[in-house]
Amino acid sequence: MRKYRLFAPGPTAVAESASLAMAGSIIHHRTRAFEAVLEEVRRGLKWLFQTKNEILILASSGTGAMEGAVTNLFSKGEKVIVVDGGKFGERWWKICKAYGVEPEIIKVPWGEAVSPADVEKLLKKGGYKGVLVQASESSTGVTHPIEKLADLTRGMKDCLLVVDAISALGAMDLPMDRWGIDALIGASQKALALPPGLALIGLSDKAWQAAEKGNLPRFYFDFRKELKGLVTNQTAYTPAIGLIFGLAERLKAMQTEGLQPLFERHQRLSDGMRAGVTALGLALFAKSPVNSLTAVIAPSGIDGQKIYKTLQEKYNLTIAGGQDDFKGKIFRLAHMGHYDDLDVVTVLAALEWTLADLGYRFEMGAGVGAAMKVLHG
């Protein structure tokens with residue numbers, strides 16, 4: 001028997017309770033029974049996003065909500081600032097260019113967070129309608145300083161802070177209303193511990209005003225249409241019914257755990273993981289690491305892709321490798337969503353076996369032991 005284990009930064013392991021909720025009989029989405037589930041989900045999402053406003057639920061990957069944010073909030077020819085510090089920052093400006101929105105790109109070296117001063121310098125020039133950024137750049141394991149960026153845009157009448165929190169929502173504290181985040185995006189397959197297929201986005205009052213003025217083409221991702229139905233517990237189009245059942249279950253579980261304990265658990269898991277990998281003599285890639293995953297520099301002389309492939313082929317455990325210029329140079333270990341302390345110990349044990357298989361010299365058990373000390377407290 002070879003049990004499969006998933007430690008990639010999306011999709012992540014699905015909670016058993018959610019799987020059971022999704023395994024039930026399908027019901028029609030234009031029924032009172034489904035409306036009751038959707039009403040419960042609406043309340044739970046407001047709690048998770050820490051906002052008074054509605055959270056739109058889209059049947060798509062998280063990229064659908066990113067595209068929808070661009071097409072609903074901006075107009076052709078408008079200028080926005082895009083923070084590009086990885087594959088998903090790159091995705092922001094590619095979407096903008098596809099729709100005729102003009103991105104001013106702040107190129108940030110992979111592994112580093114954007115400087116708020118660099119964003120402020122551009123904003124002072126004027127004319128920008130938005131700042132588009134990741135809370136968690138999952139290609140690098142970096143968290144950008146969202147609170148400080150919100151401080152820059154909160155008082156600006158015509159400039160929106162649009163945050164991709166797809167690999168951050170539920171793993172780190174992002175109080176949407178209190179900080180003044182104008183658009184906050186999540187997805188089901190990360191810290192929510194569900195299969196892929198749902199994108200989530202919350203908009204501030206300022207963002208809804210912008211959505212009324214935007215002139216870009218939109219049909220399926222028309223946020224106004226979605227909001228009109230949602231407030232009556234309806235969806236504009238056929239929703240991912242089973243996933244919404246699972247989302248209802250996951251939100252209940254997260255509310256039972258509590259918002260701050262949820263963030264504290266992710267902090268503890270990340271502390272344990274980083275203690276483990278550094279005890280093996282490995283270096284962290286991100287200078288400002290996020291709580292949802294850990295990016296690690298591969299040891300000198302060992303291809304990071306071999307670490308990824310050995311874990312997969314010999315130990316039936318999936319992590320993620322590096323991307324673009326960092327393919328073979330880093331690997332990424334996720335710890336968001338349905339994971340606990342023993343999961344961190346497990347993946348570190350498998351990593352130690354893999355490193356030994358590849359000829360890396362270290363004291364066997366050093367990583368596991370260091371993590372256990374942190375996690376046991």
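Strand β11 pairs with strand β12, residues 293-297, in the antiparallel sense over two bridges, and I should say at once that what we are looking at is a predicted model. Within that pairing, Ala283 stands opposite Ile297 in β12.

If we widen the view, these strands belong to an open sheet of four strands, whose order is β11-β12-β15-β14 and whose pairing is antiparallel. The strands at the edges are β11, residues 283-284, and β14, residues 320-321, and because each of them has a single partner strand, one side of each is left without a neighbour in the sheet.

What lies across this sheet? Helix α11, which covers residues 259-279, lies across β11, β12 and β15, the last of these being residues 330-334, and the helix runs at about 10° to β12.

Let me turn now to a pair of helices. Two packed helices are described by the angle between their axes and by the distance between those axes. For helix α5, residues 116-123, and helix α6, residues 146-153, the angle is about 20° and the axes are 10 Å apart. Since angles under 35 degrees count as roughly parallel, that makes α5 roughly parallel to α6. The crossing of α5 and α6 is right-handed.

Which residues make the contact? On the α5 side they are Pro116, Val119, Glu120 and Leu123, and on the α6 side they are Lys148, Leu149, Leu152 and Thr153. Sorted by character, the residues of this contact between α5 and α6 comprise five nonpolar, one polar and two charged.

Terms used: Residues numbered from 1 in each chain as written. Predicted model: local features only at pLDDT ≥ 70, side-chain atom pairs only at ≥ 80, totals over all residues. Heavy atoms only, no water. Axes fitted to C-alpha atoms, helices over the stretch in contact; angles between N-to-C directions. Parallel < 35°, antiparallel > 145°, perpendicular 65-115°, else oblique. Left-handed = near helix turned anticlockwise from the far one by under 90°. Contact = heavy atoms within 4.5 Å. Nonpolar A, V, L, I, M, F, W, Y, C, P; charged D, E, K, R; others polar. Pairing = 2+ DSSP bridges.
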